[in-house]
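Colleague: I'm new to reading structures. Could you walk me through one, feature by feature?

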Amino acid sequence: MGQEEGFNEVLIQPLRQFAKDSIHLVKKCTKPDRKEFTAIARATGIGFLIMGFIGFFVKLVHIPINNILVGN
């Protein structure tokens with residue numbers, strides 16, 4: 001029985017606790033209303049634009065520096 005109890009403690013109990021916690025989380029979650037969704041979408045869009053401009057300007061600066069270093 002000792003090996004079976006160890007197996008239960010090591011594998012079954014954590015899985016059971018994870019399932020219980022997951023069910024609790026899903027029950028607590030709520031669907032965002034239109035105002036909250038719009039705010040999240042706007043913030044995400046602005047973040048994408050900012051990261052795109054940063055990448056564009058880094059590439060814009062990198063091309064002449066690379067040409068100077070490589071000498072094409």
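Colleague: Let's start with the overall form. What radius of gyration does the protein chain have, and what would a compact globule of 72 residues have?

Modeller: Keep in mind that this is a predicted model. A compact globule of 72 residues would come out near 11 Å, but the protein chain has a radius of gyration of 26 Å. You can set that beside the C-alpha trace, which spans about 75 × 40 × 10 Å along its principal axes.

Colleague: And how many helices and strands are there?

Modeller: The protein chain has 2 helices and 0 strands.

Colleague: What share of the 72 residues is buried?

Modeller: Buried means under 20% relative accessible area. Here, buried residues make up 0% of the 72 residues. The protein chain exposes about 7200 Å², and carbon and sulfur atoms supply 68% of that.

Colleague: Now the rings. How do I read an aromatic pair?

Modeller: You describe a pair of aromatic rings by two things: the distance of the centres and the angle of the planes. Searching the whole structure turns up 2 aromatic pairs. In one of them, Phe53 and Phe57 have ring centres 6.4 Å apart and planes at 25°, so this pair is stacked. The cut-off for stacked is planes under 30 degrees apart.

Colleague: Where do Phe53 and Phe57 sit along the chain, and how far apart are they?

Modeller: Both are in helix H2, which covers residues 34–70. They are 4 residues apart there, so about one helical turn separates them.

Colleague: Is Phe57 part of the other pair too, and which kind is that pair, stacked or edge-to-face?

Modeller: Phe57 also pairs with Phe56: their ring centres are 5.4 Å apart and their planes are at 65°, so that pair is edge-to-face. Put together, the ring pairs link Phe53, Phe56 and Phe57 into a cluster.

Colleague: How exposed are Phe53, Phe56 and Phe57?

Modeller: Exposed means over 50% relative accessible area. Phe53 has 52%, so Phe53 counts as exposed. Phe56 has 47% and is partly exposed, and Phe57, at 45%, is partly exposed too.

Colleague: Last one: which residues make the nonpolar surface patch?

Modeller: Ile46, Ile50, Met51, Ile54 and Val58 make a patch of about 490 Å². Take Met51 as an example: this residue is found in helix H2. Met51 has a relative accessible area of 58%, so Met51 is exposed.

Key: Residues are numbered from 1 along each chain as its sequence is written. This is a predicted model: local features need pLDDT of at least 70, side-chain atom pairs count only at pLDDT 80 or more; totals for chains, interfaces and linings use all residues. Side-chain values use heavy atoms; hydrogens and water are left out. Rings of Phe, Tyr and Trp (its six-membered ring) pair if their centres lie within 6.5 Å; planes under 30 degrees apart count as stacked, over 60 as edge-to-face and the rest as tilted. Buried means under 20% relative accessible area, exposed over 50%, partly exposed in between (1.4 Å probe, protein chains only). Patches are made of residues with over 30% relative accessible area and no salt bridge: like charges are joined within 9 Å, nonpolar side chains (Val, Leu, Ile, Met, Phe, Trp, Tyr) within 5 Å. Accessible areas come from the Shrake-Rupley method with a 1.4 Å probe; for residues, only the protein chains shown count as cover. A salt bridge is a side-chain nitrogen of Lys or Arg within 4 Å of a carboxyl oxygen of Asp or Glu. The radius of gyration is taken over C-alpha atoms; the globule rule is 2.2 Å times the number of residues to the power 0.38.
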